[in-house]
Amino acid sequence: MIIINLQTEYLTEPLAIDTLSPRLSWQLEAGSEVRQRAYQIYVATTAKLLEEDYADMWNSGIIESSRHNQMPYNGKKLQSAATYYWKVKVWFAGSEETVCSEISSWTMGLLVQEDWQAKWITAAGVSENLHEGQEERPAYAAPYLRKAFTTIRPVKKAIVFVSGLGYYELFMNGIKIGDHVLDPGVTNYEKTVLYTAYDVTEAFVENSYTAATQTHVIGMLLGRGRFSQLTKDVWRWEQSPWHDEPVGIVQLHLAYADGTTQLIGSDESWKTADSPLQSDCLLAGEIYDARKEIANLWQAGFDDSLWKQARIAREPRGRLSAQMLPPIKVMNTFSPSAITELGAGHYLVDFGQMLTGWTALQVQGSAGTAVELCYGEELDGSGRIHVEHPDIEGVLQRDKYILRGEGVEKWEARFSYKGFRFVEVKGYPGELRSEALTAKHVYSSVAHTGSFTCSNERLNAIHHNSIMSIVNNLHSIPTDTPVYEKNGWTADAMLSAEAAIYNYDMAAFYTKWMRDIEESITEQGELAPIVPTSGWGYEESTFGWDLVKGPVPAWDAAFFEICWYCYESYGDVRMMETHFAAMKRYLLYMETHLEQGIMKKGLGDWFAPAGEACPSIGNSPEGASLVSTAYCFKMTDTFVKMAELLNRKEEQTYFADLRAKLSTAFHANFYNPHAQVYETEIAAGYRQTSNILPLAFGLVPNTEKAAVLQNLVDHIQNQCNGHLDTGIIGTKFILHVLSDNGHHELAYEIANQSTYPSWGYWIEQSATSHWETWEKQGRSRNHHMFGSIDDWFYRKLAGISMLKPGYCKVQIKPYVPRLLEAAAAAIRIPAGKLHASWKQDNSRFKMTVQIPSHTLAIIFVPKLFGQVVESSARANYVKDEDGYAVFEAGPGVYNFVSTGD
């Protein structure tokens with residue numbers, strides 16, 4: 001028996017935590033059938049103290065509890081930049097046996113702004129690209145910033161805290177530090193600027209123990225990102241309130257072997273010069289001139305006497321805060337699946353999979369040769385890549401590499417990422433072989449914690465496309481398209497959030513983005529529809545789209561619903577405590593825009609089917625009022641549950657009353673008792689989403705539910721030939737509504753369609769990710785908002801769902817379609833791995849369930865072929881219910897069989 005997966009604030013041994021009471025979590029080894037009955041946490045300033053069971057920071061004492069998830073630190077005051085070590089001892093039920101974990105650690109960040117002694121610096125105004133007297137002109141080349149310094153004693157430990165806006169790369173003694181890319185994460189830089197910490201002790205060890213005095217070099221390369229975007233677009237990022245030339249800050253903390261310390265910080269003594277990266281833009285791409293490379297610039301012996309002095313920068317107004325989410329990394333590589341020669345030096349490369357990231361180029365040729373890489377998701381009628389959009393000025397997704405002319409040269413982009421399957425290469429000297437171009441798959445490094453497979457290869461392909469669409473749009477925020485916007489549209493993220501949580505560890509990622517959403521709220525209570533935002537989308541903004549100014553309930557609901565999903569999935573109460581006041585402010589603001597209980601503002605069921613040969617349309621023909629009012633109810637209902645959980649009686653009472661008023665108004669205004677359907681005042685015919693939402697949200701009175709449901713079923717079967725007719729909002733709920741109300745076979749029929757409109761239709765068009773629209777004519781081929789089908793795979797086909805927050809109690813209840821032979825899924829819950837699988841043939845049904853420690857399961861086994869037998873006889877039979885044999889079981893592996901023999 002061992003204790004595994006020790007985490008601090010959802011992270012493993014993080015190097016920068018600025019939470020004053022970090023939460024500690026652990027798991028018992030998978031497959032354990034024992035239960036924890038007590039625990040004791042030890043926290044100390046050194047690992048040696050913990051080895052002796054001495055905790056000089058906090059000893060929790062023996063706590064009689066099975067809790068193991070998010071236990072808040074409750075010891076002495078934590079100090080900036082200090083490392084703390086911790087372990088946990090566990091006692092088991094029915095025994096005095098104990099087991100102790102290995103030692104883990106976390107390091108505090110710089111807790112107050114005064115801890116930052118370094119200064120923000122910039123190259124702006126000193127670049128060679130500027131004309132004399134024109135210091136405000138942008139410095140187009142990405143700047144190097146460099147500092148040589150001396151250590152006079154052996155270094156015992158070295159930690160560096162760094163941020164660079166928009167992006168940075170950090171170097172020390174000739175090497176790039178860390179494997180992060182596109183760092184730091186995007187935020188509203190007026191409110192928050194993220195920094196990262198690295199342990200750079202190894203950079204000193206080789207030399208610092210062999211001589212008393214050593215010279216070292218630290219430096220960085222800065223990129224523009226969102227902070228300093230120059231490309232003009234309709235979202236006005238180039239006019240954002242924080243917009244400035246790239247800036248950086250570095251603070252190196254050295255602890256010497258003799259107990260003394262030293263701090264090296266960025267300031268005006270640093271040197272700067274232009275890099276070979278002549279331009280970089282998050283949307284447009286990069287231009288790199290290898291002829292301008294500077295040899296050995298990160299080595300101590302480099303002569304930087306001709307470099308200019310860096311300048312003290314205007315400080316970003318946002319508070320420096322530790323980056324407590326998985327960083328963006330290169331997560332995988334892909335080789336070309338096909339290369340087509342289009343002409344001399346001109347090639348089309350197909351990687352066979354929709355990706356986000358860039359390519360690594362290998363090339364050999366004469367100096368000055370320019371190789372251009374153009375990235376795209378699809379090809380035009382001539383078989384070429386054509387990427388442009390009226391909302392964005394200039395080129396998109398285009399890199400250019402200019403050779404230095406010395407042997408085999410290697411290059412890849414640094415400060416821009418692209419959405420692509422295809423790359424068009426122009427100007428390549430010689431024959432382009434597959435090893436010359438490798439795709440780098442780049443996204444936030446969330447752990448892949450879920451798996452799903454079944455006997456239907458079309459559904460497996462849909463699952464693959466779902467998870468690829470999710471990660472392709474995780475870049476410190478959940479984006480909507482990696483090509484044209486890279487914006488954090490809130491509804492897109494909400495609609496795929498449950499699917500994301502089943503497949504990935506999203507806790508730290510969503511913790512960060514919930515803070516981003518709160519930072520978007522105005523004093524009046526308005527939320528932005530894209531987060532972060534340059535200011536686009538607010539009522540008082542002089543620019544933007546009028547449809548999203550004011551409340552946009554089906555988008556604003558992301559703040560409430562994702563927070564609630566994190567409570568359900570991770571047991572995270574702190575998140576809702578943190579954002580409760582902002583949520584209340586929003587609801588009061590929303591209430592002022594209601595007209596007799598109806599919300600007439602916002603967006604509706606976005607991108608409902610328009611017709612296979614038709615151009616896609618945004619808002620569905622019935623308008624937005626029904627969807628908006630339904631989501632006003634949904635948000636209020638979620639908030640009431642939060643208020644009850646947090647014992648906020650006043651808010652619970654007030655908003656429960658508002659919830660009741662919204663429910664009454666919804667039914668009175670939208671229900672047609674003669675037709676027994678829900679509809680808006682717009683004559684748009686029967687609309688599936690208008691009836692799915694009230695069924696999903698509990699807005700249909702019991703007396704009307706059967707008729708409303710039957711009309712929905714009839715429309716799907718008779719008018720749509722077993723297809724959905726929903727946009728992103730209705731699609732989220734349609735399969736669940738059908739499965740939960742006795743129409744699982746119809747839900748399966750919809751999921752398994754291969755003709756328009758369906759997920760399978762996309763696959764028939766060779767899609768390897770989800771599209772933005774059901775139609776071919778849509779803009780983006782790499783969207784996640786229709787990926788909500790994936791949580792239906794886990795919850796209904798495999799049958800895995802949560803009964804108590806944090807999955808301390810789970811339900812396994814698969815719906816078994818007649819034409820599906822088998823399904824299996826596994827997820828990682830706070831207690832460990834949870835697995836369910838089943839297989840059926842003509843006369844036999846087998847089901848296997850694995851329950852981790854600390855977890856109670858209610859298992860529903862379909863009685864397809866008569867009596868159900870549990871092979872180990874350890875699960876407790878409870879009852880028969882609606883065609884299932886119901887069992888209760890604790891940790892362990894269980895096998896069930898139903899047979900006609």
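Which residues does Ser 690 touch, not counting residues up to four places away in sequence? Select Ser 690 together with Glu 622, Leu 626 and Tyr 678, and you have the answer on screen. Ser 690 sits in helix α11, which covers residues 688-697. With a relative accessible area of 2%, Ser 690 is buried.

**Colour by confidence**

Before going further, remember that this is a predicted model. Colour the protein chain by pLDDT: the average is 94, and 97% of the residues score at least 70. Then select residues 127-139, where the pLDDT is below 50. This stretch still has 20 contacts in the model beyond near neighbours in sequence. A word of caution applies here: where pLDDT is low, the predicted coordinates should not be read in detail.

**Helices α4 and α5**

Next, select residues 490-503 for α4 and residues 507-519 for α5. Their axes come within 13 Å and cross at roughly 160 degrees. An angle over 145 degrees counts as roughly antiparallel, and α4 and α5 are therefore described that way. The crossing of α4 past α5 is left-handed. To see the contact, show side chains for Thr 490, Ala 493, Ala 497, Ala 500 and Ile 501 on the α4 side. From α5, add Tyr 510, Trp 513 and Ile 517.

**From α5 to α8**

Keep α5 on display and bring in helix α8, residues 574-592. Here the axes are 10 Å apart and the packing angle is about 10 degrees. Angles under 35 degrees count as roughly parallel, so α5 and α8 earn that label. On α5, the contributors to this contact are Tyr 510, Thr 511, Met 514, Arg 515 and Glu 518. Facing them from α8 are Met 575, Thr 578, His 579 and Ala 582. Tyr 510 is worth a label of its own: it takes part in the contact with α4 and also in the contact with α8.

**Ala 643 in α9**

Now move to helix α9, residues 625-645, and pick out Ala 643. Is Ala 643 buried or exposed? Its relative accessibility is 0%, so Ala 643 counts as buried. Leaving aside residues up to four places away in sequence, Ala 643 touches Phe 580, Arg 648, Glu 651 and Gln 652. For a distance check, pick the C-alpha atoms of Ala 643 and His 744: they are separated by 34 Å, with these positions 101 residues apart along the chain.

**Helices α12 and α13**

Select residues 702-719 for α12 and residues 728-740 for α13. The two axes come within 12 Å and cross at roughly 115 degrees. α12 and α13 are therefore roughly perpendicular to each other, and their crossing is left-handed. Zoom in on Leu 709, Leu 712, Val 713 and Ile 716 of α12, which meet Ile 734, Val 737 and Leu 738 of α13.

**Last stop: the cysteines**

How many disulfides does a search of the whole structure find? The count is 0. Select Cys 632 as one example: the nearest cysteine sulfur belongs to Cys 563 and is 18 Å away. Cys 632 is buried, at a relative accessible area of 0%. Then try Cys 808, whose nearest cysteine sulfur, that of Cys 566, is 16 Å away. Cys 808 has 36% relative accessibility and counts as partly exposed.

Conventions: Residues are numbered from 1 along each chain as its sequence is written. This is a predicted model: local features need pLDDT of at least 70, side-chain atom pairs count only at pLDDT 80 or more; totals for chains, interfaces and linings use all residues. Side-chain values use heavy atoms; hydrogens and water are left out. pLDDT is the predictor's confidence in each residue, from 0 to 100. Contact means heavy atoms within 4.5 Å. A disulfide is a pair of cysteine sulfur atoms within 2.5 Å. Buried means under 20% relative accessible area, exposed over 50%, partly exposed in between (1.4 Å probe, protein chains only). Axes are lines fitted to C-alpha atoms, for helices over the stretch in contact, and angles run from 0 to 180 degrees between N-to-C directions. Helices (H or I, at least four residues) and strands (E, at least two) are DSSP runs, numbered from the N terminus. Angles under 35 degrees count as roughly parallel, over 145 as roughly antiparallel, 65 to 115 as roughly perpendicular and the rest as oblique. A crossing is left-handed if the near helix is turned anticlockwise from the far one by less than a right angle, and right-handed if clockwise.
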